[in-house]
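Trainee: I would like to learn how to read local features from a model of this kind, one feature at a time. Could we go through it together?

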Amino acid sequence: MAIEAWFTDERNEDQRFPHQRKPNEPVSLDHLAELGVLYWHLNPKDYENDEELKKIREARGYNYMDMLDLRPENVANFEEKLRNFYTEHIHADEEIRYCLEGSAYFDVRDKEDRWIRIWIKAGDLIILPAGIYHRFTLDTSYYVRLMRLFVGEPVWTAYNRPQDDHPAREEYVKSLTERVGVPLAAN
Ligand SMILES: CSCCC(=O)C(=O)O
Ligand SMILES: [Fe+2]
């Protein structure tokens, strides 16, 4: 079972709604990969002994790990945090999130600056590349338990859009043309 992703409508309704277009315009994993967004589906029940997760962490150097239980009762300044998560931003590093329970939405910008909504559920691990414009919201279930991974000491600093001159943004924009350039040049 793969994650679902789609282009969002532009309606000004609750951010926790799916915001699918009518008819729905799905986005494939290949399209996400072109944007540098990576995805795995793992077994969330046994994450402590999961060899697949171990392999990914080793291969990518994710030695840091913590848990984020996003529900109003156990997060200080819950509303403010959610507001910040939903403000379009980038990071200087990858954003790696593994959904263990519940569900939520990551929105990422595509090359034409359209929003793609990615619905993550238990077992979905996604990696957003450094420099990609994105935001995050809970869905109507209003609960998600996420594992956060990182290389070394974690840096969660968010740089709100616009960040055209940020080195991570410049690097990301360059990587987009290179990623598309390879298969085209091979033709
Ligand atoms: C709650 S995890 C995702 C939110 C986000 O984009 C971030 O933490 O930078
Ligand atoms: Fe982020």
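Trainee: Is His-134 buried or exposed, and how many other C-beta atoms lie within 10 Å?

Mentor: Keep in mind from the outset that this is a predicted model. The general idea is to count neighbours, and a residue with 20 or more other C-beta atoms within 10 Å of its own is called buried. His-134 has 23 such atoms, and it is therefore buried. The residue belongs to strand β8, a strand that is mostly covered, since four of its five residues are buried.

Trainee: Which residues does His-134 touch, leaving aside those up to four places away in sequence?

Mentor: His-134 is in contact with His-89, Phe-106, Asp-107, Val-108 and Leu-128. To place some of these, recall that β5 covers residues 95–109, and that β5 and β8 run antiparallel, joined by five bridges. One example of the pairing is Tyr-105, whose bridge partner in β8 is Thr-137.

Trainee: What does UniProt list under "binding site", and how should I read such an annotation?

Mentor: An annotation is best set against the coordinates. The UniProt entry, which is unreviewed, lists His-89, His-91, Glu-95 and His-134 under that heading. These residues span 46 positions in sequence, yet no two of their C-alpha atoms are more than 11.4 Å apart, so they gather at one spot.

Trainee: Where is His-91 found, and is it buried or exposed?

Mentor: His-91 is found in the loop between β4 (89–90) and β5. Its C-beta count is 20 within 10 Å, and because the cut-off for buried is 20 or more, His-91 is buried. Beyond residues up to four places away in sequence, His-91 touches Ala-130, Thr-157, Ala-158 and Ala-168.

Trainee: Which residues surround ligand 1, and which strands supply at least two of them?

Mentor: A shell is read first by its members and then by their classes. Around ligand 1 are Leu-68, Phe-85, Glu-95, Arg-97, His-134, Phe-136, Leu-146, Trp-156 and Ala-158. By class, six of these residues are nonpolar, one is polar and two are charged. Strands β5 and β8 (134–138) each contribute at least two residues to the shell. Glu-95 and His-134 are among the shell residues, and both are also listed by the UniProt entry.

Trainee: Turning to the backbone, which signs of phi and which peptide geometry should I expect in general?

Mentor: Most residues other than glycine have a negative phi, and most peptide bonds are trans. Against that background, His-19 has a positive phi of about 55 degrees although it is not a glycine, and Asp-113, likewise not a glycine, has a positive phi of about 70 degrees. His-19 sits in the loop between β1 and α1, whereas Asp-113 lies in the loop between β5 and β6 (115–121).

Trainee: How do the surroundings of His-19 and Asp-113 read?

Mentor: His-19 is partly exposed, with 19 other C-beta atoms within 10 Å, while Asp-113 has 7 such neighbours inside 10 Å and so counts as exposed.

Trainee: Where does a cis peptide bond join Lys-22 to its partner, and what is omega for the cis bond that starts at Arg-161?

Mentor: Lys-22 is joined to Pro-23 by a cis bond with omega of about -5 degrees, and Pro-23 lies in the loop between β1 (4–7) and α1 (29–34). The cis bond from Arg-161 leads to Pro-162 with omega near 5 degrees, and Pro-162 is found in the loop between β10 (159–160) and α4 (167–186).

Terms used:
Residues numbered from 1 in each chain as written. Chains lettered and ligands numbered in written order. Predicted model: local features only at pLDDT ≥ 70, side-chain atom pairs only at ≥ 80, totals over all residues. Near = placed C-beta within 6 Å. Nonpolar A, V, L, I, M, F, W, Y, C, P; charged D, E, K, R; others polar. Buried ≥ 20, exposed ≤ 12 C-beta atoms within 10 Å, placed from the backbone. Pairing = 2+ DSSP bridges. UniProt positions renumbered as here; feature names shortened; annotations may be inferred. Contact = placed C-beta atoms within 7 Å.
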